[in-house]
Amino acid sequence: MTVLSPLQDCAAIIEALIFASDRPIRERELDVYLPAGVTVSEAIAIVASRYDETSGVELCQIGDTWAFRTKGEIGERLS
């Protein structure tokens, strides 16, 4: 079993919440799941780093919300 740092654990929670949501999720909704001293931006940075150029999915900011989307070039090939 892998032991995550507290920040990595928070990032995993944020990632799961965004993934499971049927709509883009607001930062203030994510913030309630984080302990004091951990910011949404810190957790989001870790999540975003997991989706590099080799991934077909990207983490997108839409105003003050976050959602996973199929990368544009992948979506074009699927159309």
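Reader: Contact here means heavy atoms within 4.5 Å. So on that footing, which residues does E15 touch, not counting residues up to four places away in sequence?

Author: This is a predicted model, to be clear from the start. Beyond those sequence neighbours, E15 touches V47, R50, Y51 and F68.

Reader: And where is E15 found?

Author: E15 is in helix α1.

Reader: Is E15 buried or exposed?

Author: Buried, because its relative accessibility is 16% and the cut-off for buried is under 20%.

Reader: Let's follow V47 then. Which helix does V47 lie in, and is V47 buried or exposed?

Author: V47 lies in helix α3. With a relative accessibility of 0%, V47 counts as buried. Leaving out neighbours within four places in sequence, the contacts of V47 are A11, E15, L59 and F68.

Reader: How far apart are V47 and E58, C-alpha to C-alpha?

Author: They are 9.9 Å apart in space, and 11 residues apart in sequence.

Reader: OK, helix packing. At what angle do α1 and α3 pack?

Author: At about 75 degrees, and their axes are 8 Å apart. That angle makes α1 roughly perpendicular to α3.

Reader: Which residues meet there?

Author: On the α1 side, L7, C10, A11, I14, E15 and I18; they meet E42, A43, I44, I46 and V47 in α3. I14 also has contacts beyond its neighbours within four places: L30, L34, A43 and I44.

Reader: Switching to aromatics. How many aromatic pairs are counted?

Author: One aromatic pair. The ring centres of Y51 and F68 are 5.1 Å apart with the planes at 55 degrees, so this pair is tilted. The two come from distant parts of the chain, 17 residues apart: Y51 sits in the loop between α3 and β2, while F68 is in strand β3.

Reader: What are the relative accessible areas of Y51 and F68?

Author: Y51 has 24% and is partly exposed, whereas F68 has 15% and is buried. Both residues are also on the list of E15 contacts.

Reader: Now the sheet. What's the strand order?

Author: β1-β3-β2, an open sheet of three strands with antiparallel pairing. β1 (25-26) and β2 (57-62) are at the edges and have a single partner strand each, so one side of each lacks a neighbour in the sheet.

Reader: Quick refresher, what do strands of a sheet pair through?

Author: Backbone hydrogen bonds, in either a parallel or an antiparallel arrangement.

Reader: How many bridges join β2 to β3, and how many join β1 to β3?

Author: Six bridges join β2 to β3, with β3 covering residues 65-70. Two bridges join β1 to β3. Both pairings run antiparallel.

Reader: I want some anchor residues for the register. What's the bridge partner of V57 in β3?

Author: T70. Elsewhere in β3, T65 has I62 opposite, and R26 also stands opposite T65.

Reader: Which residue takes a positive phi in the hairpin of β2 and β3?

Author: G63, with phi near 65 degrees; the hairpin has two residues between the strands.

Reader: How does α1 lie relative to the strands?

Author: Helix α1, residues 6-20, lies across β1, β2 and β3 and runs at about 70 degrees to β3.

Reader: What about the nonpolar core: which members touch the most other members?

Author: I14, I18, L30, L34, I44, L59 and W66, out of 15 residues in the largest nonpolar core. At least two residues of this core come from each of α1, α3 (40-49) and β3. As background, nonpolar side chains tend to be buried together in soluble globular proteins.

Reader: Zooming out, what pattern does the protein follow along the sequence?

Author: α-β-α-α-β-β-α, from four helices and three strands. Buried residues account for 27% of the 79 residues.

Reader: And for setting up a box, what do the C-alpha atoms fill?

Author: Roughly 45 × 30 × 20 Å, along the principal axes.

Reader: Last one, on contacts between residues at least 6 apart: what share joins residues at least 24 apart?

Author: 46% of them.

Technical notes. Residues are numbered from 1 along each chain as its sequence is written. This is a predicted model: local features need pLDDT of at least 70, side-chain atom pairs count only at pLDDT 80 or more; totals for chains, interfaces and linings use all residues. Side-chain values use heavy atoms; hydrogens and water are left out. Two strands pair if DSSP finds at least two bridges between them. Axes are lines fitted to C-alpha atoms, for helices over the stretch in contact, and angles run from 0 to 180 degrees between N-to-C directions. A nonpolar core is a set of buried Ala, Val, Leu, Ile, Met, Phe, Trp, Tyr and Cys residues joined through side-chain atoms within 4.5 Å. Buried means under 20% relative accessible area, exposed over 50%, partly exposed in between (1.4 Å probe, protein chains only). Rings of Phe, Tyr and Trp (its six-membered ring) pair if their centres lie within 6.5 Å; planes under 30 degrees apart count as stacked, over 60 as edge-to-face and the rest as tilted. Angles under 35 degrees count as roughly parallel, over 145 as roughly antiparallel, 65 to 115 as roughly perpendicular and the rest as oblique.
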